[in-house]
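User: I would like to go through this model and ask what lies behind some of the labels attached to it.

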Amino acid sequence: MPLPTSSTPPAFPMHVSVEEARAMLAALLPDPGTETVAVAQALGRVLAGDLAALVSHPSATESALDGIACREADTRGAGPDTPVLLKVVGESRAGEPFTGEVGPGECVRIYTGAPMARGTDAICPVEQLRDQGLDAVELLRAASPGDVRAEGGDFRAGEVVMRAGLPLTSPRLALATALGHAEVRVRRRLRVALLSTGDEVVAPGTPLRAGQVYDSNSVGLGAMLREAGCEVVPLGHAPDRPEALEDAIARAGGADVLLTSGGVSMGKYDFMRDLLIDQGRVSFWKVRMRPGGPALLGGWKGLPVFGLPGNPVSSLVVFHVIVRPALTGQPVQTLHLRAATPFRTLSDKTAFWRATITGGQVSDYGQQGSGVLRSLSDADALVIVPEGQKVEAGDEVDVILL
């Protein structure tokens, strides 16, 4: 199929919106299925089913402090000048609770996390106690029921605490364990084959000739894929020759999707674009965004293919705003900040300008060229400027944190 020209309508959509591109990529991805893994190995995975508590937490009414457990009514009026004397009849500690019952005028020594003794309803912290031998203690303030943790106050057995679709962070793994689960059912990791292309691209450590660049895309995109919870199938690098590209793609067997960088723009040697147009399938070509407009979605012998621009800034930005949300099923997270500087408006594209954040305000990074890779490392965020929307200093803007 020849490249579309002004007189040749393309057989596929051109210049789709960012939202359309994201939805079209997500629609081509296979259902990854699920698997069960140990909780300790589930960091970064996505929960595939609801998690209900198998136990209550706390499992008993317990103390939030070290001190004494007693009857709150026995301690009213206690103060530094009017201490209240209580008899100590035992102690309760985590794993070894006091098994008797505390009567009026009595107390037990208690430690953080230990079950409350029968007959007690309040705690006086150790800092407000004055020992009177081994079996008596003076309270320098009244005991407080507020320092008692109620049984099931965090969650109760049978309660659904975590919902399917939740990314498993370290605090959520701790919670899943506290719920009583040694294993969790999670979405299987998508297997993403990663291929960089271009005659000018060489491996790091190789002496550069004029016009060559190091293969930063393989490293940057590979890291971003792993951060997104994907299993990376590295295909290495392919030069700008159709047969070399076909050979490389053939090594992607078993992958769920192929992610390429380079070869999808308007140039004579953009063979990845030609290969998919001529022999594969194209779902869209070009996105109304900057940087990263010449992105392409298609397929090759049943394998979904997303072609990123070869320019590293464009490639990484497109991954941030289109590829990652589609792979993870999680929406792009944005914040509302006030612009400290104006941001350029594009009449026909959504712009994602690199920016820095100072004092809760966001400023134009300045160097917005697609070849300035350092800008993504230095910037704190991408400021989203929708098509045709003017942004002046003082306006509120949506930003994506980097």
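User: How does the lining of the second largest pocket divide by class?

Analyst: This is a predicted model. In the second largest pocket, the lining has four nonpolar, nine polar and three charged residues. The lining comprises 16 residues, and Gly262, Gly263, Asp270, Gly310 and Asn311 lie nearest the centre of the pocket. Glycine counts as polar and aspartate as charged. The volume of this pocket is about 230 Å³.

User: What makes up the lining of the largest pocket?

Analyst: The largest pocket is lined by 30 residues, and those nearest its centre are Glu227, Ala228, Arg324, Thr328 and Gln330. Two or more lining residues come from each of H3, H6 and strand E27 (396–401). H6 gives the most, with six residues. By class there are 15 nonpolar, eight polar and seven charged residues in the lining. The pocket has a volume of about 680 Å³.

User: Why is threonine 260 called buried?

Analyst: The cut-off for buried is under 20% relative accessible area. Threonine 260 has 0% relative accessibility, so the label applies. This residue is found in strand E18. Outside its neighbours within four places in sequence, threonine 260 is in contact with Leu195, Met272, Val305, Phe306, Gly307 and Leu308.

User: Leucine 308 is on that list. Why does leucine 308 count as buried?

Analyst: Leucine 308 has 0% relative accessibility and therefore counts as buried. Its place is in strand E22. With neighbours within four places left aside, the contacts of leucine 308 include Leu221, Leu259, Thr260, Ser261, Gly262 and Val264. Ser315, Val318, Phe319 and Val323 are also among the contacts of leucine 308.

User: How far is leucine 308 from arginine 172, along the chain and in space?

Analyst: They are 136 residues apart along the chain, and their C-alpha atoms are separated by 33 Å.

User: Why does lysine 286 count as buried?

Analyst: The cut-off is under 20%. Lysine 286 has 15% relative accessibility, so it counts as buried. Strand E19 is where lysine 286 sits. Apart from neighbours within four places in sequence, lysine 286 contacts Met14, His15, Val16, Met266, Gly293, Pro294 and Ala295. From leucine 129, lysine 286 is 157 residues away in sequence and 73 Å away in space, C-alpha to C-alpha.

User: Why is strand E7 described as largely enclosed by the rest of the structure?

Analyst: E7 covers residues 106–110, and four of these five residues are buried, so the description follows.

User: How do you know that E7 pairs with other strands, and which way do they run?

Analyst: Two strands pair if there are at least two bridges between them. Strand E5 (residues 67–70) is joined to E7 by four bridges, and these two run antiparallel. Strand E6 (residues 84–92) is also joined to E7 by four bridges, and these two run parallel. Each pair has four bridges where two are required, so both count as paired. Alanine 69 has valine 108 of E7 as its bridge partner, and valine 88 stands opposite cysteine 107 in E7.

User: Which residues touch the most other members of the largest nonpolar core?

Analyst: They are Phe306, Ile322 and Leu327, in a core of 38 residues. Elements giving two or more residues to this core include helix H1 (18–28), strand E14 (191–197), helix H3 (216–227) and strand E22 (303–308). Helix H6 (312–328) gives the largest share of the core, ten residues.

User: What is phenylalanine 306 in contact with?

Analyst: Beyond neighbours within four places in sequence, the contacts of phenylalanine 306 include Leu25, Leu258, Leu259, Thr260, Phe284, Val318, Ile322 and Val323.

User: How many cavities of 30 Å³ or more are there, and what lines the largest cavity?

Analyst: The count is one cavity of 30 Å³ or more. The largest cavity has a volume of about 40 Å³. Leu25, Leu29, Val192, Leu225, Val257, Leu258, Leu259, Phe306, Val323 and Leu327 line it. By class, that lining has ten nonpolar, no polar and no charged residues. E18 gives the most to the lining of the largest cavity, with three residues.

Definitions and conventions: Residues are numbered from 1 along each chain as its sequence is written. This is a predicted model: local features need pLDDT of at least 70, side-chain atom pairs count only at pLDDT 80 or more; totals for chains, interfaces and linings use all residues. Side-chain values use heavy atoms; hydrogens and water are left out. Buried means under 20% relative accessible area, exposed over 50%, partly exposed in between (1.4 Å probe, protein chains only). A nonpolar core is a set of buried Ala, Val, Leu, Ile, Met, Phe, Trp, Tyr and Cys residues joined through side-chain atoms within 4.5 Å. Contact means heavy atoms within 4.5 Å. On a 1 Å grid over the protein atoms alone, a cavity is a set of points where a 1.4 Å probe fits but cannot get out, and a pocket is an open set with protein on both sides within 12 Å along at least five of seven lines; lining residues have an atom within 4 Å of a point. Grid points are joined across faces, edges and corners, and a volume is the space filled by probe spheres set on the points.
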